[in-house]
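User: Could you walk me through this model with a few questions and answers? I'd like to start with the charges and then move on to the fold.

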Amino acid sequence: PDDLFLIDVRNAPNHLKKEKIINAILIPLNELENRLNEIPKNKKIIVYCWDVWCNMGAKAALILLDNNYNVKELSGGIAAWNKLNMQTVSLT
């Protein structure tokens, strides 16, 4: 939906990530604080990382919450998205 803004926060080169959720922007966790100006305040922000064992999404959510964003973490990351056979786009 138009009121959502998806961010892929995985710290890895594209050839390792291989894909991202369609319409998600790539802002690695290690760049997030320096790129807050790219993230709209008027949308609900959804952050995701690799899988349930990855904590980058939770760390990104905390950074965004501290900066007054309306943010949620996609539980299970892109792995959960893929299990649901949801749409992705290739990064390679």
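User: How far apart do the centres of the positive and negative side chains lie in the protein chain?

Analyst: Happy to help, and please keep in mind that this is a predicted model. The protein chain carries 11 positive and 10 negative side chains. Taking the centre of each set, the distance between the two is 3 Å.

User: Does the radius of gyration of the protein chain agree or disagree with a compact globule, and what is its value?

Analyst: The C-alpha atoms fill a box of roughly 30 × 25 × 25 Å along the principal axes. For 92 residues, a compact globule would have a radius of gyration near 12 Å. The chain agrees with that expectation, because its own value is 12 Å.

User: In what order do the helices and strands run from the N terminus?

Analyst: Good one to have in hand before looking at the sheet! The protein chain has 3 helices and 6 strands. Read from the N terminus on, they run β-α-β-β-β-α-β-α-β.

User: Which strands are the edge strands of the open sheet?

Analyst: The open sheet is formed by 4 strands with parallel pairing, in the order S3-S1-S4-S5. An edge strand here pairs on one side only. That description fits strand S3 (25–26) and strand S5 (70–73).

User: Which residue in S4 stands opposite Ile7?

Analyst: Strands of a sheet pair through backbone hydrogen bonds, either parallel or antiparallel. Strand S1, residues 4–8, and strand S4, residues 44–48, pair in the parallel sense over 5 bridges. Opposite Ile7, the residue in S4 is Val47.

User: Is Ile78 buried or exposed, and what is its relative accessible area?

Analyst: Ile78 is found in helix H3, which spans residues 77–83. Leaving out residues up to four places away in sequence, Ile78 touches several others, among them Arg10, Ile21, Tyr48, Trp50 and Thr88. Buried means under 20% relative accessible area. Ile78 therefore counts as buried, with a value of 5%.

User: What separation do the C-alpha atoms of Ile78 and Asp51 have?

Analyst: Along the chain, Ile78 and Asp51 are 27 residues apart. In space, their C-alpha atoms are separated by 6.4 Å.

User: What share of the contacts with a separation of 6 or more comes from residues 24 or more positions apart?

Analyst: It helps to have the packing of the whole chain in view: buried residues make up 41% of the 92 residues. Turning to contacts with a separation of 6 or more, residues 24 or more positions apart account for 67%.

Technical notes: Residues numbered from 1 in each chain as written. Predicted model: local features only at pLDDT ≥ 70, side-chain atom pairs only at ≥ 80, totals over all residues. Heavy atoms only, no water. Helix = DSSP H or I, 4+ residues; strand = E, 2+ residues; numbered from the N terminus. Rg over C-alpha atoms; globule rule 2.2 N^0.38 Å. Buried < 20%, exposed > 50% of the residue type's maximum accessible area, 1.4 Å probe, protein only. Contact = heavy atoms within 4.5 Å. Lys, Arg positive; Asp, Glu negative; His and termini not counted. Charge placed at Lys NZ, Arg CZ, Asp CG, Glu CD. Pairing = 2+ DSSP bridges.
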